[in-house]
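Got a fold to pick apart over coffee? Have a look at this one, and then we'll go through it.

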Amino acid sequence: MRKLVVTLAGCILLAGCSGNATSNSKDTFTVGMECNYAPFNWQTSAPTQTSVSIGGAGFCDGYDVRIANEIAKSMEKELVIKKLEWDGLQLSLESGEIDAIIAGMTANEEREQGIDFTTPYFESEMVLIVRADDDLVHATSIQDFSGKNVIGQMNTNYDTVIDQIEGVNHLTPKSSYPELVVSLQSNEADAITAELPVAEGVIQANPDLTIVHFAEGKGFDIDTSVSIGLKEGSRGTEFFNQVQSALDNISDSTRNEWMTESRESAPTGE
C-alpha cells in the first residue's frame, strides 16, 4: 500500500525524539491518520457507532478507526484520533504528538529505519481505476497501459509503482484521491493506481468508473499490506507488545468484516 516519502529528517529538529521508548503510561492512545482515505479512514460531520471525535472538525470513521479503537480498549486507554497530513505522520510520531500511525501505511526496509512496525493488519491488491466506457477495461496486464496517461497519489508508492509500466506517460501526482478522480473524469488521465478497497470506494461513489484487475504475474510487483507504525526503538517494549497482542487478537474474519462494513458505509458523492 502507500509508501510515505519523508522529506525532512526528524530527530535533530524535534524535541523529545528519543529512540529509547520503553512504555506508554498515559491514559490515552493517540493515533494519527489523514481522515481522508476511505474506506480506511474518512472525516464526517455526523457521529456513528464507530466514529471518534476530532474536535471541532467533526468525526473520523473507517477501518483504521475500528482497528485503533479495538487496540485502545484492549489496553484500557481512551482513543484519541489526530487528523494529520500524510507527510506529517512520521514526524508527529517521532515528536511524540501521536503514539501510533494507523493510516494504511506499508512497512518497508526504508521506513523501518525510522519506524517500528507491527505485523500487517490488512492485505489487499493493487489495481487500476479507469473510465467505464474506455477499452482499457479489458486490459489483463499493466503493460497494456504502455503509452497511456497514468497518475497516482503524491509521496506514496501509488505514484512510484507506475514506472513498472514500460513506456507509460507518468503524470505529475496529485495530493488526494478526489483530485485523482477529477483528473480521470476530465480525461487528463487514463488510469489511477489504487489498492482494491480504496478503488471499490471510488467506483461506488463514481459509477462512471471501474476497476481493472490483472492476470496472475501481470500486475504490479508491490507489497499491499498495511501495518501499525510505532516509535523507533519501541520494539520489544511493553507498549509495543501490548499493541501487537491486541492486534493479534483481532481475527482475520473480523478484519474482513470490518473492511466490508467500512467500504459500504464510506461517504459517496464527494
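Here are some questions and answers on how the pieces of this predicted model fit together.

Q: How many helices and strands does the protein have?
A: Start with the chain itself: it has 270 residues, and 51% of them are buried, taking buried as under 20% relative accessible area. Its accessible surface comes to about 12000 Å², with 45% of that belonging to carbon and sulfur atoms. As for the elements, the count is seven helices and 14 strands.

Q: Which strands are at the edges of the sheet with the order β6-β1-β7-β14-β8?
A: This is an open sheet of five strands with mixed pairing. An edge strand pairs on one side only. That picks out β6 (78-83) and β8 (115-123).

Q: Which residue in β14 is the bridge partner of A100?
A: Strand β7 covers residues 100-101, and two bridges join it to β14, residues 225-231. The two strands run antiparallel. Opposite A100, the partner in β14 is L230.

Q: What angle does the direction of α6 make with that of β8?
A: Helix α6 packs on this sheet, where it touches β1 (28-33), β8 and β14. Compared with β8, the helix direction is off by about 5°.

Q: How far apart are the axes of α1 and α6 where they pack?
A: Two packed helices are described by the angle between their axes and the distance between the axes. For α1 (residues 63-74) and α6 (residues 238-248), the angle is about 115°, and the crossing is right-handed. I67, I71 and S74 of α1 meet V243, A246 and L247 of α6, a set with five nonpolar, one polar and no charged residues. The axes are 9 Å apart.

Q: Which residue in β12 does I151 stand opposite?
A: Now for the other open sheet of five strands, ordered β11-β10-β12-β9-β13 with mixed pairing. Strand β10 (residues 149-151) is joined to β12 (residues 191-195) by two bridges, and the pair runs parallel. Across from I151 sits I192.

Q: Which helix lies across β9, β12 and β13?
A: Helix α4 (residues 177-185) packs on this sheet too, but its contacts include β10 along with β9, β12 and β13, and its direction makes about 145° with that of β12. The helix we want spans residues 196-205 and runs at about 160° to β13. That one is α5.

Definitions and conventions: Residues numbered from 1 in each chain as written. Predicted model: local features only at pLDDT ≥ 70, side-chain atom pairs only at ≥ 80, totals over all residues. Heavy atoms only, no water. Axes fitted to C-alpha atoms, helices over the stretch in contact; angles between N-to-C directions. Helix = DSSP H or I, 4+ residues; strand = E, 2+ residues; numbered from the N terminus. Left-handed = near helix turned anticlockwise from the far one by under 90°. Contact = heavy atoms within 4.5 Å. Nonpolar A, V, L, I, M, F, W, Y, C, P; charged D, E, K, R; others polar. Pairing = 2+ DSSP bridges. Buried < 20%, exposed > 50% of the residue type's maximum accessible area, 1.4 Å probe, protein only. Areas by Shrake-Rupley, 256 points an atom, 1.4 Å probe, with all protein chains shown as cover.
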